[in-house]
Amino acid sequence: MLRQAAQLFPDEESEQIAFLNSLVNPEDRKYRAVIWTKPEAKDCADFSVRSGDEVPSWLPGQISLLSPGESPGKSKLFEDGAIYPIDTSSVYTASAMLAAVPPRRILDVCAAPGGKSLFADSVFNPEFIFSNEVVGKRLGILRYNLKKSGRPNFYTGNLDPAELAEVAPEVFDLAIVDAPCSGQSLLAKGTENPGCFHPNIIKGNAKRQLRILSRSAQCVVAGGYLFYSTCTFARRENEGAIEKFLKHHGEFTPVEVPHLGEFQSELCDFPCYRIYPHRRKGAGGFTCLLRKDGDHQELAEIPEKLQVYPVTSD
Ligand SMILES: C[S@@+](CC[C@H](N)C(=O)[O-])C[C@H]1O[C@@H](n2cnc3c(N)ncnc32)[C@H](O)[C@@H]1O
């Protein structure tokens with residue numbers, strides 16, 4: 001942990017200490033936000049929502065940042081599927097996708113329990129969104145959360161990214177890879193995560209992330225976008241994963257996200273963004289949006305295999 005802090009903030013001892021402190025003393029970092037999956041319920045909010053100068057101008061109306069101490073998970077609105085609570089940092093990382101041309105079809109490759117899918121669906125309202133979760137036992141909670149939101153355009157699946165690449169090449173104009181990772185930011189939420197700084201854990205995750213990115217890239221049409229995020233701070237899983245991906249996928253270019261400018265990573269020279277728990281409220285994370293070269297092409301037909309399980313079918 002100490003070694004990584006030194007790599008992230010070379011020659012800045014006070015920043016290293018502040019970063020480490022945010023991971024070992026997590027009490028006051030549970031800053032929450034909600035996605036309004038049923039925006040008409042906004043007037044019934046039974047929790048305090050931040051307003052005025054506390055709200056960044058780019059924040060879509062479908063998202064609210066909450067006042068400190070609020071627990072929207074206990075709200076009746078959550079029970080009713082009108083809101084979906086997420087960490088404030090996840091709002092910032094997910095917001096990189098706002099720099100994409102609004103997509104018609106979205107693939108969420110690593111979707112459970114559904115936060116990024118609900119974010120993307122709420123802000124873009126696409127024609128079709130395929131929320132995929134390769135770990136079978138996590139599919140139930142994903143379908144439950146999506147169904148509760150009452151939004152009609154969700155389909156789910158349980159495909160390995162390699163299978164997705166095979167059955168759905170160039171079917172989507174946005175693919176979301178909110179990748180499995182070492183999860184170091186969990187510490188900032190007070191959740192134990194032993195081994196999350198271990199080099200072997202980080203290396204294993206980086207390999208898996210590269211594989212998922214490469215497969216997901218095949219599902220994106222020319223002119224479409226690939227979104228990448230993690231909830232960890234290891235360079236190898238973030239900037240490193242993107243650098244390796246770009247070596248083999250020169251057809252993708254990282255895209256600037258102007259509203260995240262102040263979060264530009266200092267560890268590379270392409271646009272990608274780091275949210276740190278000691279600089280910002282929330283647990284932290286990493287995000288990068290990539291565009292596939294070329295003019296926007298007609299999307300390939302949606303294969304039947306992706307249309308078997310609409311969430312409305314339960
Ligand atoms: C960070 S979580 C996703 C969180 C989700 N996007 C959200 O916002 O609620 C990463 C997900 O990737 C899944 N996963 C694990 N191994 C995977 C693999 N080899 N390919 C694709 N997804 C994988 C995990 O089961 C987990 O649900």
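## A small sheet and the helix across it

Let's start with a pair of facing residues: valine 34 sits opposite proline 85, which belongs to β3. This is a predicted model, and that pair is a good way into one of its sheets. Strand β1 covers residues 32-36 and pairs with β3 in the antiparallel sense, over five bridges.

Which strands make up this open sheet, and in what order? There are three, running β2-β1-β3, and the pairing is antiparallel. The edges are β2 (63-65) and β3 (83-87), each of which pairs on one side only. From one strand to the next, the twist averages 25 degrees. Helix α5, residues 115-124, lies across β1 and β3 and runs at about 50 degrees to β1.

## The overall fold

Zooming out, the protein has nine helices and eleven strands. Its radius of gyration comes to 19 Å, close to the 20 Å that the globule rule gives for 314 residues, so the protein is as compact as a globular protein of that length. Measure out the principal axes and the C-alpha trace spans about 55 × 50 × 35 Å.

As for how the chain meets itself, take the contacts between residues at least 6 apart in sequence: 75% of them join residues at least 24 apart. Buried residues account for 46% of the 314 in the protein.

## Inside the nonpolar core

In soluble globular proteins, nonpolar side chains tend to be buried together. Here the largest nonpolar core holds 84 residues, and the members touching the most others are Ala175, Val177 and Phe227. Which helix gives the most to this core? That is α8 (residues 199-218), with seven residues.

Valine 177 is worth a closer look. Leaving out residues up to four places away in sequence, valine 177 touches Val109, Cys110, Ile212, Leu213, Ser216, Leu226, Phe227 and Tyr228. One of those partners, Phe227, is also among the three core members with the most contacts to other members.

## Leucine 8, out by the N terminus

Leucine 8 has its place in helix α1, which covers residues 2-8. Is leucine 8 buried or partly exposed? It has 19 C-beta neighbours inside 10 Å, and being buried takes 20 or more, so leucine 8 counts as partly exposed.

Leucine 8 still has partners from elsewhere in the chain. Again leaving out residues up to four places away in sequence, leucine 8 touches Phe19 and Phe233. And although leucine 267 is 259 residues away from leucine 8 in sequence, the two are 7.5 Å apart in space, C-alpha to C-alpha.

Definitions and conventions:
Residues are numbered from 1 along each chain as its sequence is written. This is a predicted model: local features need pLDDT of at least 70, side-chain atom pairs count only at pLDDT 80 or more; totals for chains, interfaces and linings use all residues. A nonpolar core is a set of buried Ala, Val, Leu, Ile, Met, Phe, Trp, Tyr and Cys residues joined through C-beta atoms within 7 Å. A residue is buried if 20 or more other C-beta atoms lie within 10 Å of its own, exposed if 12 or fewer, and partly exposed in between; C-beta atoms are placed from the backbone. Helices (H or I, at least four residues) and strands (E, at least two) are DSSP runs, numbered from the N terminus. Two residues are in contact if their C-beta atoms, placed from the backbone, lie within 7 Å. The radius of gyration is taken over C-alpha atoms; the globule rule is 2.2 Å times the number of residues to the power 0.38. Two strands pair if DSSP finds at least two bridges between them. Axes are lines fitted to C-alpha atoms, for helices over the stretch in contact, and angles run from 0 to 180 degrees between N-to-C directions.
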